[in-house]
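Let's take a walk through this model together, starting in one loop and working outwards from there. Keep the structure open and follow along.

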Amino acid sequence: MKARVESVEDVKEALGQGRVFPTGMFKVFLGFLLLVVGLSVLGMYMARHTLAAAAPALFRPCLGDSSTSGSAEEELEGLERWTRPPPRVRHAMTDEELRWRASFAPRVRPYPFPRVPKVAFMFLTRGPLPLAPLWERFFRGNEGRYSIYVHALPSYRANFTSDSVFYQRQIVSKVADWGQMTLCDAERRLLANALLDISNEWFVLVSESCIPISGFNTTYEYFQNSRQSFVMAIDDPGPYGRGRYDYNMMPEVEFVQWRKGSQWFEVDRELAIQIIRDTRYYPKFNEFCRPHHCYVDEHYFHTMLSIEAPQSLANRSVTWVDWSRGGAHPATFGRGDITEEFLRRVQTKRTCLYNNRNTTTCFLFARKFAPSALEPLLVLAPTVLGYG
């Protein structure tokens with residue numbers, strides 16, 4: 001049995017008071033501890049500043065040449081870095097990267113900086129724009145209230161001069177075939193590029209055969225004051241409507257939800273974002289809506305938006321087209337068709353609802369016009385169309 005501890009000295013001896021921690025090892029341990037703390041602080045400092053420097057690089061493809069260092073864009077301070085439009089429309093992003101970048105949406109309104117809403121005109125064409133001189137007159141004097149994007153065949157290179165509104169407005173494009181999903185891909189590509197400019201509030205799809213039939217101010221105010229977007233989405237009971245439905249579309253699209261409409265739409269920013277970020281309906285339409293049974297450009301956006309945002313649709317387009325002659329394509333108008341009487345009739349052809357009120361201003365654009373129609377259109381534009 002061990003002896004009982006009777007004094008302080010006995011306690012010290014029992015606890016090993018004599019085995020003191022070596023002074024040299026203590027200094028080494030303390031130095032190591034200080035080194036670890038110092039490296040941690042340095043690492044946090046470097047990480048913070050590295051992230052701050054790298055954040056703008058996520059958006060650099062929108063600003064032009066990503067290899068440029070010390071550019072003016074990178075030196076911008078405050079909100080301007082994030083809100084100014086890209087200086088050019090060509091970039092190195094893939095479609096997936098582009099849609100991801102374009103889907104960013106501010107949730108706080110009003111905007112905390114001066115902002116003039118713009119209308120984005122998106123030209124879907126295979127090549128040249130033969131009616132460009134007419135559009136030039138339409139846009140003249142309205143700089144800062146519109147932007148232009150052109151989707152053409154990848155092999156096509158426009159030769160507009162630097163004083164043209166179409167100069168260098170051709171986006172990175174891919175082949176788009178009539179009636180196929182590649183056509184909707186092209187339209188989503190146009191929307192995504194236009195969404196990169198935060199000032200674009202309305203998005204108008206037109207073709208090389210479209211013309212504006214009202215002045216710019218009328219067109220601009222029509223969009224800015226509208227409470228709905230202009231997408232036609234009708235329930236057509238015939239063979240070219242419901243007859244194109246495939247039950248493989250279920251459950252995403254029920255038979256009673258199937259809609260048809262004009263390819264030519266005009267949407268606000270909220271619906272434009274909804275179109276480009278869709279991943280729910282796209283696979284179904286891509287697989288089960290194909291020529292010659294189904295033409296996706298007449299059904300995809302129309303059905304999707306009528307399901308997701310029916311209250312946002314005026315259920316009509318503001319682009320006039322004449323289908324009265326029958327056939328798979330609408331009527332084309334050339335030099336001999338262009339008269340004052342004809343244009344007046346197009347401008348006031350029908351009555352429609354605008355913000356739940358009757359109006360005779362139902363159309364702002366019209367198609368299809370042949371290149372030969374340009375000369376008489378330029379003559380009548382100042383007196384009949386309201387521009388030029």
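Start with His 292, which sits in the loop between H9 and helix H10 (300-308). Keep in mind as you look that this is a predicted model. The peptide bond that joins Pro 291 and His 292 is cis, with omega at about 10°. So much for the loop itself; now step back to the helix ahead of it.

That helix is H9, residues 282-288, and Tyr 282 is found in it. Which residues does Tyr 282 touch, leaving out those up to four places away in sequence? They are Met 181, Asp 185, Arg 188 and Tyr 300. Tyr 282 can also be paired with Met 304: the two are 22 residues apart along the chain, and their C-alpha atoms are separated by 9.0 Å.

Carry on past H10 and you come to the loop between H10 and S6, where Asn 315 lies. Asn 315 is worth a pause, as its phi is positive, about 60°, although it is not a glycine. Its relative accessible area is 36%, which makes Asn 315 partly exposed. There's another asparagine to set beside it. Asn 355 lies in the loop between strand S7 (352-354) and strand S8 (357-359), and its phi is also positive, near 55°, again in a residue other than glycine. Is Asn 355 buried or exposed? Asn 355 is buried, with a relative accessible area of 17%, where the cut-off for buried is under 20%.

Now for a second cis peptide bond. This one joins Arg 367 and Lys 368, with omega at about 5°, and Lys 368 lies in the loop between S9 and H12. Arg 367 turns up again in the largest pocket. This pocket is lined by 40 residues, and Arg 367 is one of those nearest its centre, along with Trp 178, Gln 263, Trp 264 and Trp 323. About 1,100 Å³ of space lies in the largest pocket, and its lining is made up of 17 nonpolar, 11 polar and 12 charged residues.

From Lys 368, follow the chain on into H12, which runs over residues 374-385. What is the distance between the end C-alpha atoms of this helix? They are only 13 Å apart, whereas a straight helix of 12 residues would reach 16 Å at 1.5 Å a residue. The buried residues here are Leu 374, Pro 376, Leu 377, Leu 380, Ala 381, Val 384 and Leu 385. If you look down the axis of H12, these buried residues fall within an arc of 150°, so they line one face of the helix. Turn to the face away from that buried side and you find the exposed residues Val 379 and Thr 383. Just after H12 comes Gly 386, with a positive phi near 90°.

What do the buried residues of H12 pack against? Their partners are helix H5 (132-139), strand S4 (211-212) and helix H11 (340-347). Let's take H11 next. Its buried residues are Phe 342, Leu 343, Val 346 and Gln 347. Seen down the axis of H11, they fall within an arc of 135°, so here too the buried residues line one face of the helix. They pack against strand S6 (319-320), strand S9 (365-366) and H12, which brings us back to elements already visited.

One more spot to look at is an enclosed one. The structure holds 1 cavity of 30 Å³ or more, and the volume of the largest cavity is about 40 Å³. Its lining consists of Gly 127, Pro 128, Leu 129, Val 150, Tyr 156, Ala 158, Phe 160, Phe 166, Arg 169 and Gln 170. By type, that lining divides into 7 nonpolar, 2 polar and 1 charged.

Finally, zoom out to the whole chain. There are 12 helices and 9 strands in it, and 46% of its 388 residues count as buried. As for contacts between residues at least 6 apart in sequence, 79% of them join residues at least 24 apart.

Technical notes:
Residues numbered from 1 in each chain as written. Predicted model: local features only at pLDDT ≥ 70, side-chain atom pairs only at ≥ 80, totals over all residues. Heavy atoms only, no water. Helix = DSSP H or I, 4+ residues; strand = E, 2+ residues; numbered from the N terminus. Expected span 1.5 Å × (residues − 1). Buried < 20%, exposed > 50% of the residue type's maximum accessible area, 1.4 Å probe, protein only. Arc of directions from axis to C-beta. Contact = heavy atoms within 4.5 Å. 1 Å grid on protein atoms, 1.4 Å probe; cavity = no way out; pocket = protein on both sides within 12 Å on 5 of 7 lines; lining within 4 Å. Points joined across faces, edges and corners; volume = space filled by probe spheres on them. Nonpolar A, V, L, I, M, F, W, Y, C, P; charged D, E, K, R; others polar.
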